[in-house]
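The following paragraphs are intended to be read alongside the sequence and the coordinates. They proceed from selected side-chain contacts to the overall fold, the strand pairing and the surface.

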Amino acid sequence: MRLQPHPHRPRPPSRAYLAGLAILLGVGCQSTPATLTDAHAEAIRDSVVATLEEFRAMGIASAWEAAGDFYSDSPSFRFYENGELRYESAGDVRAALADLGPGMRVTTEYSETDIEPLAPGLAQVRSRFESTLSGEGGFEFSYGGAVTMLWVHETGGWRILSGHSSAPVPRGG
């Protein structure tokens, strides 16, 4: 008697096998995060503090084009105001800054500022702020609240990748 080969039909892998494989691949493919030494974290804080001061100075000087350079051109850029997406790109922010015109100044004071280095080239800024817009003819408008910003170090320096600012809302209670 001759044995006839049967066509091989592979059995589908079990769910447990697939789950184990997914975990192994997930763990095995992760890159080791770069370590952030205390000295590097402090250098990031100092650098971001200096950048925030430069950013603030652009508003005082009505240097809107230069202020616009502090926003990342990454397609991931987003900035929210009072819970709503306000700017979907750095170009949107730059257009809004250009609309202010050369006669408008923005003076911003930051307080209770916390700069948290997250990784090399990445920092989160959390702060309260008070801003005053002033212009020709004695125009003046003040507003304040809280702001959070994710800053990323790109070619040319620190840039805002995303953020959110909000004004206090009276709460009933």
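**Charged pairs and the fold around them**

Glu109 has a relative accessible area of 44% and is therefore partly exposed, since that class lies between the buried limit of under 20% and the exposed limit of over 50%. The model in which this residue is seen is a predicted one. Glu109 forms a salt bridge with Arg56, and the closest N and O atoms of the two are 3.3 Å apart. This pair links distant parts of the chain: Arg56 belongs to helix H2 (residues 38–60) and Glu109 to strand S3, with their positions 53 residues apart in the sense that they are 53 residues apart. Arg56 counts as buried because its relative accessible area is 18%, which is under 20%. The contact does not stand alone, as Glu53, Arg56 and Glu109 are linked in a network of salt bridges.

In the structure as a whole, a search finds six salt bridges. In general terms, side chains of opposite charge can pair when their charged atoms come close. A further example is the salt bridge of Arg94 with Asp73, in which the closest N and O atoms are 2.7 Å apart. Arg94 is located in helix H4 (residues 90–100), whereas Asp73 is in the loop between helix H3 (64–68) and S1, so this pair ties together parts that are 21 residues apart in sequence. The two partners fall into separate accessibility classes: Arg94, at 26% relative accessibility, is partly exposed, while Asp73, with a relative accessible area of 59%, is exposed.

Arg126 and Asp114 form another salt bridge, with the closest N and O atoms 2.3 Å apart. Here Arg126 lies in strand S4 (residues 122–134) and Asp114 in strand S3, and the two are twelve residues apart. Both are partly exposed, Arg126 with a relative accessible area of 31% and Asp114 with one of 32%. Asp114 can also be placed relative to Arg128: the two are 14 residues apart along the chain, and their C-alpha atoms are separated by 9.5 Å.

These contacts can now be set within the overall architecture. The protein has four helices and six strands, and from the N terminus on its elements follow the order α-α-α-β-β-α-β-β-β-β. Of the 173 residues in the protein, 28% are buried.

How do strands S3 and S4 pair, and over how many bridges? They run in the antiparallel sense, with twelve bridges between them. Strand S3 covers residues 105–119 and contains Asp114. Glu109, already met as the salt-bridge partner of Arg56, has Glu130 as its bridge partner in S4. S3 and S4 form a hairpin with two residues between the strands, and Gly121 takes a positive phi near 80 degrees there. As a general point, the side chains of a regular strand alternate between the two faces of the sheet.

Strand S1 (residues 78–81) takes part in two pairings. With strand S2 (residues 84–87), S1 pairs in the antiparallel sense over three bridges, and Tyr80 stands opposite Leu85 in S2. S1 and S2 form a hairpin with two residues between them, and Asn82 in the turn has a positive phi of about 45 degrees. With strand S6 (residues 157–166), by contrast, S1 pairs in the parallel sense over four bridges. In that pairing Glu81 stands opposite Ser165 in S6.

Glu81 also leads to the largest pocket. This pocket holds about 940 Å³ of space and is lined by 30 residues, of which Glu81, Tyr87, Val106, Ser131 and Tyr143 lie nearest its centre. Which strand supplies the largest share of its lining? That strand is S5, with five residues.

Strand S5 (residues 140–154) also includes Phe141. Phe141 is partly exposed because its relative accessibility is 46%. Together with Phe139 and Tyr143, Phe141 forms a nonpolar patch on the surface, and the accessible area of the three residues together is about 290 Å². Tyr143 thus appears both in this patch and among the residues nearest the centre of the largest pocket.

Technical notes:
Residues numbered from 1 in each chain as written. Predicted model: local features only at pLDDT ≥ 70, side-chain atom pairs only at ≥ 80, totals over all residues. Heavy atoms only, no water. Patch = residues over 30% accessible without salt bridge, like charges linked within 9 Å, V, L, I, M, F, W, Y side chains within 5 Å. Areas by Shrake-Rupley, 256 points an atom, 1.4 Å probe, with all protein chains shown as cover. Salt bridge = Lys/Arg side-chain N within 4 Å of Asp/Glu carboxyl O. Buried < 20%, exposed > 50% of the residue type's maximum accessible area, 1.4 Å probe, protein only. Pairing = 2+ DSSP bridges. 1 Å grid on protein atoms, 1.4 Å probe; cavity = no way out; pocket = protein on both sides within 12 Å on 5 of 7 lines; lining within 4 Å. Points joined across faces, edges and corners; volume = space filled by probe spheres on them.
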